[in-house]
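Work through the exercises below with the sequence and the model open side by side. Each task is followed by its solution in steps.

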Amino acid sequence: LVPPTATLTVTPTPKRPFSATVTYIDSTIIHPDLACNWQGVGGTVVDSKNADMGGMVIRIVGVYNGKSKSEPTVSGVAPAYGKSGYEFFLGTVPIASKGQLYIQILDQAGLPLSDNIYIDTYNDCSKNLVLVRFKKNP
């Protein structure tokens, strides 16, 4: 006979350290000189008390306008968004796409600190900038 063993309990996977909010706005707020000749993604990275966190790695991955995209950047390189600002240029004409791109924050070893944040793009000049604000969870 095999002796009984303890029943295993499944524990939920811990939340990633960062979560994100996504907003779609007119890019002229950041790039007033480009009017509707620009589309991109930008934002900031903050800690749980809303203090800017520079030097964090953010990457965008997916397909945009039929082309594969996998590009990293670092928070703090685009101060127009704030002290921890970052930005990805997508194109010079706003196009629509649904769930083909995601953005994610990574640690220095390239391991994810957030879930994949899927974003849409719009062929609308009032929504040609995707703002993604990463915030460290408490």
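The exercises deal with aromatic pairs, a charge over a ring and a disulfide in a predicted model.

**Exercise 1.** Classify the ring pair of Tyr24 and Tyr122, and place both residues in the chain.

Solution.
- Step 1. The ring centres of Tyr24 and Tyr122 are 5.1 Å apart, and rings pair if their centres lie within 6.5 Å.
- Step 2. The planes of Tyr24 and Tyr122 stand at 85 degrees, so this pair is edge-to-face; the cut-off for that class is over 60 degrees.
- Step 3. Tyr24 belongs to strand β1 (residues 18-25), while Tyr122 sits in the loop between β7 (117-121) and β8 (129-136). The two are 98 residues apart, and the pair links distant parts of the chain.
- Step 4. Tyr24 has a relative accessible area of 25% and is partly exposed. Tyr122, at 28%, is also partly exposed.

**Exercise 2.** Find which residue lies over the face of Tyr122.

Solution.
- Step 1. The residue is Lys127, at 4.6 Å from the ring centre of Tyr122.
- Step 2. The distance cut-off for a charge over a ring is within 6 Å of the ring centre.

**Exercise 3.** Classify the pair of Tyr86 and Phe134, and decide whether each residue is buried or exposed.

Solution.
- Step 1. Centre to centre, the rings of Tyr86 and Phe134 are 6.4 Å apart, with 40 degrees between the planes; the pair is tilted.
- Step 2. Tyr86 lies in strand β5 (residues 86-91) and Phe134 in strand β8, so the pair ties together parts that are 48 residues apart in sequence.
- Step 3. Buried means under 20% relative accessible area. Tyr86 is at 0% and therefore counts as buried. Phe134 is at 0% and is buried as well.
- Step 4. Ring pairs link Tyr86 and Phe134 with Phe88 into a cluster. The structure holds five aromatic pairs, among them the two classified here.

**Exercise 4.** Locate the disulfide, and describe its geometry and surroundings.

Solution.
- Step 1. A search of the whole structure finds one disulfide. It joins Cys36 to Cys125, with an S to S distance of 1.6 Å.
- Step 2. The angle about the S-S bond is -90 degrees, and the link of Cys36 and Cys125 is left-handed.
- Step 3. Cys36 is in the loop between β1 and β2 (39-46), and Cys125 is in the loop between β7 and β8. They are 89 residues apart.
- Step 4. Cys36 is partly exposed at 21% relative accessible area, and Cys125 is partly exposed at 36%.

Technical notes: Residues are numbered from 1 along each chain as its sequence is written. This is a predicted model: local features need pLDDT of at least 70, side-chain atom pairs count only at pLDDT 80 or more; totals for chains, interfaces and linings use all residues. Side-chain values use heavy atoms; hydrogens and water are left out. Rings of Phe, Tyr and Trp (its six-membered ring) pair if their centres lie within 6.5 Å; planes under 30 degrees apart count as stacked, over 60 as edge-to-face and the rest as tilted. Helices (H or I, at least four residues) and strands (E, at least two) are DSSP runs, numbered from the N terminus. Buried means under 20% relative accessible area, exposed over 50%, partly exposed in between (1.4 Å probe, protein chains only). A charge sits over a ring if NZ of Lys or CZ of Arg is within 6 Å of the ring centre and within 35 degrees of the ring normal. A disulfide is a pair of cysteine sulfur atoms within 2.5 Å.
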